[in-house]
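Biologist: Before I rely on the labels attached to this model, I would like to hear what stands behind each of them. Could we go through them one by one?

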Amino acid sequence: MSVTVVCPGSFDPATAGHLDVFERAAARFDRVVVAVLGNPNKQGTFTVAERCELIAAETAHLDNLEVDRFEGLLVDYCRAHGIDLVCKGIRGAADMDYELQMAQMNRRVGGVETVFVSASPEHTFLSSSLIKEVVRGGGEVTGLVPPRIAEALHRRLG
Ligand code: PNS
C-alpha cells in the first residue's frame, strides 16, 4: 500500500524546523505533499507563490515530495486529492493542545487522520513569526532558516 501524507501550514516562511519535518516525513512515507495555505483575507510577508517556491527549492532533493497550495478547508483539499493522512510537527505542549483539537476536527468533519512528528530538540523554539521579528530587528538567523530563506527575509524585511 502506498501512503501519501499532506503537511499543511502557512510557512511564511518555512523554518529549519518545518524543513526537518518534511525531510523526515519523506523518509517514512511514499509521497509527501506540502500544502501551503493561501488566505485571500490575510496578506503575509511572502506571497503563497513565493512560499511555495522557497520550499520547492529547499526540498528539490526529495523525489517523493511536492509542493502545492490550498484555500479553504484542509479536509476539502484532502478529499479532492484522495489523501486521508495529515502529518504535522509538534514543538511542545502548546502545539499539542491546538494540533490535537484540529486533528480531532479534521477527523470528525473529513475522516482525515493526523500523525505527529516530534520536532527535533534544536528546533523547538523556532517559529516563522519569531524569526521575522529577529530579522526586522537586525538579528542573526543563521541556522534557523536555510541561507536562501534568510536572504529572502533580509530582502523583504531587513
Ligand atoms: O502553520 P500553521 O499556520 O499553524 O497551519 C495551520 C493550518 C494551515 C494547518 C490550519 O490552519 C488549516 O488547516 N487551515 C485550513 C482551514 C481549515 O481546514 N480549518 C479547520 C481546521 S480544524
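Biologist: In which loop is Pro13 found?

Modeller: This is a predicted model, and in it Pro13 is found in the loop between strand 1 and helix 1.

Biologist: What makes the peptide bond that joins Asp12 and Pro13 a cis one?

Modeller: Its omega is about 0°, and the bond joining Asp12 and Pro13 is accordingly given as cis. Most peptide bonds are trans, and most residues other than glycine have a negative phi.

Biologist: What is the phi of Phe11, and where is the place of Phe11?

Modeller: Phe11 has a positive phi of about 50° although it is not a glycine, and its place is in the loop between strand 1 and helix 1. Positive phi values are also found at glycines: Gly82, just after helix 3, takes one of about 65°, and Gly138, just after helix 5, one of about 85°.

Biologist: Why does Phe11 count as buried or exposed?

Modeller: The relative accessibility of Phe11 is 6%, and buried means under 20%, so Phe11 counts as buried.

Biologist: How many aromatic pairs does the structure hold, and what decides whether the pair of Phe11 and Phe22 is stacked, tilted or edge-to-face?

Modeller: The structure holds 2 aromatic pairs. In the pair of Phe11 and Phe22 the ring centres are 5.3 Å apart and the planes stand at 80°; since centres within 6.5 Å make a pair and planes over 60 degrees apart count as edge-to-face, this pair is edge-to-face. Phe11 lies in the loop between strand 1 and helix 1 and Phe22 in helix 1, so the pair ties together parts that are 11 residues apart in sequence.

Biologist: Why is the pair of Phe70 and Tyr77 given another label?

Modeller: The centres of these two rings are 5.7 Å apart and their planes are at 50°, which is neither under 30 nor over 60 degrees, so the pair of Phe70 and Tyr77 is tilted. Phe70 is buried with a relative accessible area of 9%, and Tyr77 counts as buried at 7%.

Biologist: Tyr77 belongs to helix 3; what shows that the buried residues of helix 3 line one face?

Modeller: The buried residues in helix 3 are Leu74, Val75, Tyr77 and Cys78. Seen down the axis, they fall within an arc of 160°, so they line one face of the helix, while the face turned away from that buried side carries the exposed residues Arg79 and Ala80. The buried residues of helix 3 pack against strand 1, strand 2, strand 3, strand 4 and helix 4.

Biologist: Arg108 lies in helix 4; why does Arg108 count as buried or exposed?

Modeller: Arg108 has 72% relative accessibility, and exposed means over 50%, so Arg108 counts as exposed. The C-alpha atoms of Arg108 and Val75 are separated by 9.9 Å, the two residues being 33 apart along the chain.

Biologist: Which residues are around the ligand, and which contacts of its oxygen atoms with Ser10 and Leu74 can be named?

Modeller: The residues around the ligand include Pro8, Ser10, Phe70, Leu74, Lys88 and Asn106. A ligand oxygen is 2.6 Å from an N or O atom in the side chain of Ser10, and a ligand oxygen is 2.9 Å from a polar backbone atom of Leu74; both distances satisfy the limit of 3.5 Å for a polar contact. The protein covers 73% of the 540 Å² of accessible area that the ligand has on its own.

Biologist: What makes Ser127 buried, and what lies about it?

Modeller: Ser127 is found in the loop between strand 5 and helix 5, and its relative accessibility of 15% is under the 20% limit, so Ser127 counts as buried. A polar atom of the Ser127 side chain lies 3.1 Å from the backbone nitrogen of Leu130, and, not counting residues up to four places away in sequence, Ser127 touches Thr15 and Arg91.

Biologist: How do you know that the buried residues of helix 5 are on the same side?

Modeller: These residues are Ser128, Ile131, Lys132 and Val135. They cover an arc of only 100° around the axis, which puts them on the same side of helix 5, and they pack against helix 1 and helix 6.

Technical notes
Residues are numbered from 1 along each chain as its sequence is written. This is a predicted model: local features need pLDDT of at least 70, side-chain atom pairs count only at pLDDT 80 or more; totals for chains, interfaces and linings use all residues. Side-chain values use heavy atoms; hydrogens and water are left out. Rings of Phe, Tyr and Trp (its six-membered ring) pair if their centres lie within 6.5 Å; planes under 30 degrees apart count as stacked, over 60 as edge-to-face and the rest as tilted. Helices (H or I, at least four residues) and strands (E, at least two) are DSSP runs, numbered from the N terminus. Buried means under 20% relative accessible area, exposed over 50%, partly exposed in between (1.4 Å probe, protein chains only). A residue is near a molecule or strand if one of its heavy atoms lies within 4 Å of it. A polar contact is a pair of N or O atoms within 3.5 Å; within protein, one must be able to donate a hydrogen and the other to accept it, and residues adjacent in sequence count only if both atoms are side-chain atoms. Accessible areas come from the Shrake-Rupley method with a 1.4 Å probe; for residues, only the protein chains shown count as cover. Contact means heavy atoms within 4.5 Å. The arc is that of the directions from the helix axis to the C-beta atoms.
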